[in-house]
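Hi,

Here's the structure I promised to pass on. Have a look at it first, and my notes follow underneath.

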Amino acid sequence: MRSRNETWHNWQGNHKCRAEICYPKTVDDLKTIVKKASAERKTIRVSGGGHGRTNGSYSISPIVMNEGGIIVKLQNMNQGYVHNDNSNRVTVEAGMKVAQLEELVARNQLSFEAMLVPAFVEVGGAVAVGCHGSGFNQGTLSDQVVSMDIVMADGSVKTISQENDPELMRAARVNLGALGIVHTITFQCVKEFKLRSVTEKRDMQTTIDNIKELVEAHDYVEVFWVPYCRDAWVKKSDKVPWYTPGKNVPSKWDRVVEWLEIQVGTVGLASLTLLPRMTPAFTHVFLGLQKNETVIAPAHLLFHYQTYFPRKLWDVSYGIDIGDDFKNFQNAWNFTTNHICEFAKPKRSCTSVWPWAYKSGAIFPQHFVLHGRFIRNSDAYLAPSFGNSHTCMLQLVSYFGTSVDQFFADVEEHLLSLGGKPHWGKTFNTEIDFGKLYGENMQKFNSIRRQMDPNGMFLNDFTRRVFAA
C-alpha cells in the first residue's frame, strides 16, 4: 500500500489540507490504516474521487478536510459483481466510479431506478452524503443500498444489511464517513428499462404555478431556470419498455459538443466576475442554446445527461418538503427568484437582456442555474429528505468570485424556515445547529456512531461540530 504526506484539495479547489494520504488496495490495507491511526492517535477521513487528476473529492463542503491526519483514497478498490441469484443486486467496492458501476449493471441487463447526474464520482462518497437524481417516487442513491461492509475503529469488519439490522442501515445509508471505512456496498437494482425524455422551454412562472400537475404526471421531472429570463426549461421523463425503439440516443459526438460548450461556458462565467452587468445577456444566450428535444434511450444514458461540469462553482442545495399541493416548494422557488430580482434592481423588468436596464448598484449574485428535482422521502437518518412526503432538492449555482454571500445567507435562512436541510456535499453555512435541525434522528445516529467509533477516530473538525462531539 502506498502512502505519503501531501496536500489534499477538493475538486472545486475551495478546501485543502496537509495529510498522510493512503492508497489501499485490499481490505487488509484498510485494517492496517485503522491500526496505524489508533497507534499514532490520528483521525481518518475518506475522500471520494473528483474529476481528472485531482486527488480530492467532488464535495464542496469541508466534509473530508483532515489537517495532520490520514485521508484514505479508495481509487484502487474498484471491483464488483452482479449476484448470480436473480436478486437483481450488485456488490461493488466503495472506490468504484459511478460510471463503472453503471457499465457493470448495464452489461447484466439491469438498471438503477434513480441515479445522480455526475458519473465521475466514487460510489462510496456518493452514498455517504446522500447523493440523488430525480424521480418523484424514487429515493436517493443511498436508499437503493441494501447492505455494506464497514471497517470499524477496532479493525473488525461489520456487515450491515437491511434484512438483519434496518436501524443500523438507516444510519449507514448516509453516514458522512463517521462510522468507519466503507469497503463494499450492495445495491438493489431492477430489470433494464428505457426512458422517454422530453425537454422543452416553458414560461417559468406558469410552470411553477402548475408544478403539481406537471410533477405528478411523470416519473421524473426537473425544472431549470437561469436568472433574468422569462422562460425555464423542463425535463420530463417516463419509463418505457426496453424494446421501445431508441430516438436521438446520445452519441460520442454529443459528448464532444458538450465538452466544448462547457469550456466556452466556463470562460463566460469567469468573465462575469469582472463584468457582472453582462450577466443577463449571458443567461439569455445560455437559455437560447437549450433546445426542445425528445430522446428515448437506456435509462443510464439519460440519468447522466451531463458528463462534464464547470469547476469553481458555489452550489447551494437544500432538500425541502414540497408541502400540501406543492405550496412549500412554490414558496421556496418564488422567494429565490424574487430575491435575485431584488438584488438586480431592474428599472422595469427583471427579464431584460440589456445591462442599462438595471439601476446603478445592481448586484447579480446568481448567474447560473436554479434547479429543482423532485424525489420521495428517504429513511436514512441524516438524509435531507427524511420524513417528508416528497422532497424537492432545490439547487442554486453561481461561479466563484460572484457577490453571493448575502444572497446565499438570505436564501438559506428562508429555506431553513421552511424546514429545509442542506445537501451534505454542497455549499452551506457550516455553523448551522445540526442537532436541532435533525432532532431525534441526530440522537439516534449519534448513539450508533458512538458504539461503532467510541473515540471519534473517523471525525474531523466539521463532523465534530455536526455531532457536537
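**What I found**

Strand β17 and strand β18 (residues 390–399) run antiparallel and are joined by seven bridges. Two strands count as paired if DSSP finds at least two bridges between them, and the elements themselves are DSSP runs numbered from the N terminus: helices are H or I with at least four residues, strands are E with at least two. One pair in this ladder is Ile375 with its bridge partner Thr391 in β18.

Before I go on, the caveats: this is a predicted model, where local features need pLDDT of at least 70 and side-chain atom pairs count only at pLDDT 80 or more, while totals for chains, interfaces and linings use all residues. Residues are numbered from 1 along each chain as its sequence is written, and side-chain values use heavy atoms, with hydrogens and water left out.

Back to β17 (residues 370–376): six of its seven residues are buried, meaning under 20% relative accessible area (1.4 Å probe, protein chains only; exposed is over 50%, partly exposed in between). β17 also pairs with strand β13 (residues 220–225), again antiparallel, over four bridges. There, Leu370 of β17 sits opposite Trp225.

At the start of the chain, β1 (residues 2–9) and β2 (residues 16–23) form an antiparallel pair with eight bridges. Arg2 has Tyr23 in β2 as its bridge partner. Six residues lie between the strands of this hairpin, and Gly13 takes a positive phi near 85 degrees.

Helix α8 (residues 279–289) is worth a click too. Its buried residues include Thr279, Phe282 and Leu287. The buried residues of α8 pack against β12 (194–203), β14 (231–240) and α7 (252–272), with contact meaning heavy atoms within 4.5 Å.

Now the whole chain. In total there are 14 helices and 19 strands. The radius of gyration is 22 Å, which agrees with the value near 23 Å for a compact globule because the chain has 469 residues; it is taken over C-alpha atoms, and the globule rule is 2.2 Å times the number of residues to the power 0.38. The C-alpha trace spans about 65 × 50 × 40 Å along its principal axes. Buried residues make up 58% of the 469. Of the contacts between residues at least 6 apart in sequence, 73% join residues at least 24 apart.

Shout if anything looks odd.

Cheers
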